[in-house]
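Here is a friendly briefing to read with the model open beside you. Please take a look at the fold before moving on.

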Amino acid sequence: MTKQRLRQEIEAFRPGCPQEAADRAEMLRWLDTHPQALEREDEQGHFTASAWIVNPARDQVLMAYHNIYQAWTWLGGHADGECCLHAVALREAEEETGVRARPVQAEIFSVEILPVPEHVKRGKTVRGHVHLNVTYLLEAPQDAFLRAKPDENSGVKWRLASEVREDNTEPCMLPVYRKLTDRVRRMSMEKVNWGVLGTAEIGVKQTFAAMRQAENCRMMAIAGRSAEKAAEFAARFGFEKSYGSYDALLDDPEIEAVYTRCRIRCICNG
């Protein structure tokens, strides 16, 4: 991956809150104006990658007890010149816990710019700076063998998401952890299989964009009076199936809810 590809990945990320919108914009500006944005040599700030590792039930989070911060923290580390921050998150997760986690999704899960106060690391004073952090969602089996990384942490364990939300040992991170646990909880909601009747162009960008962003919505099928038009819409907007008649979609046993883009009398009259 190149620096330009990383920029495109961050640009493609859809912010889930005002904090992420502001931090995403600043990250893009930083990449454009800081030649060493991926290196620790940029003493103002540099990119890092974090791994938010959940169990298959998505109700626990794998965390490490950080030696410097003296708190249970998420996992991750510096880019150190690596443009593929996804690879950095996977590598750091394994190095810090011994667990080989798998990605839940390839896309960025969250972004945040985090202040790092001045501290001493391995006998050297590190000046205060910021971490421009990109987080990825990973999953690991709860019975996986765990081990600490003594030069960075003194313990690794699974923690209940509800416990993580209320842990105030590192107050500056509490809003971030609450954001991540809430986002995972919403993802865990059972998805509804939606069907759409009609292929008119009016309002499709807004409607289908909203459906894609809804974390409990699955764009299952679209139907139109023309099979060709329905297939074109399915490919264009990400529906899994297409039908050349409304009745065919309504007869699909996988469809659980229907959004109609045409007049009800048209449906009733077939």
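What follows covers the largest pocket, the salt bridges, and the surroundings of Thr199 and Gly195.

This is a predicted model, in which local features need pLDDT of at least 70 and side-chain atom pairs count only at pLDDT 80 or more, while totals for chains, interfaces and linings use all residues. Residues are numbered from 1 along each chain as its sequence is written, and side-chain values use heavy atoms, with hydrogens and water left out.

**The largest pocket**

- The largest pocket holds about 1200 Å³ of space; a pocket here is an open set of points on a 1 Å grid over the protein atoms alone where a 1.4 Å probe fits, with protein on both sides within 12 Å along at least five of seven lines. Grid points are joined across faces, edges and corners, and the volume is the space filled by probe spheres set on the points.
- Of the 41 residues lining this pocket, Tyr69, His78, His119, Lys121 and His131 are the closest to its centre; a lining residue has an atom within 4 Å of a point.
- Among the elements that each supply at least two lining residues are strand 1 (45-54), strand 2 (60-66), helix 3 (85-97) and strand 9 (129-139). Helices (H or I, at least four residues) and strands (E, at least two) are DSSP runs, numbered from the N terminus.
- The lining has 15 nonpolar, 14 polar and 12 charged residues, where Ala, Val, Leu, Ile, Met, Phe, Trp, Tyr, Cys and Pro count as nonpolar, Asp, Glu, Lys and Arg as charged, and the others, Gly among them, as polar.

**Salt bridges**

- The count comes to 22 salt bridges, each being a side-chain nitrogen of Lys or Arg within 4 Å of a carboxyl oxygen of Asp or Glu.
- Glu20 and Arg183 form one of them, with their closest N and O atoms 2.9 Å apart. Glu20 lies in helix 2 (residues 18-33) and Arg183 in helix 5 (residues 174-188), so this pair ties together parts that are 163 residues apart in sequence.
- Glu20, at 0% relative accessibility, is buried, and so is Arg183, at 7%; buried means under 20% relative accessible area, exposed over 50%, and partly exposed in between (1.4 Å probe, protein chains only).
- Glu20 and Arg183 also belong to a network of salt bridges with Glu112 and Lys179.
- Glu139 and Arg58 meet in a salt bridge at 3.0 Å, N to O. Glu139 is in strand 9 and Arg58 in the loop between strand 1 and strand 2, 81 residues apart.
- Glu139 is buried at 12% relative accessibility, whereas Arg58 is partly exposed at 21%.
- Lys241 and Glu254 form a salt bridge at 2.6 Å, N to O. Both residues are partly exposed, Lys241 with a relative accessible area of 24% and Glu254 with 37%.

**Around Thr199 and Gly195**

- Thr199 sits in the loop between strand 11 (192-197) and helix 6 (204-213) and is buried at 15% relative accessibility.
- Leaving aside neighbours within four places in sequence, Thr199 is in contact with Ile222, Ala223, Gly224, Lys229, Ala230 and Phe233; contact means heavy atoms within 4.5 Å.
- Strand 11 pairs with strand 12 (residues 217-223) in the parallel sense over 6 bridges, and 4 bridges join strand 11 to strand 14, also running parallel. Two strands pair if DSSP finds at least two bridges between them.
- Gly195 stands opposite Ala221 in strand 12, and its bridge partner in strand 14 is Val258.
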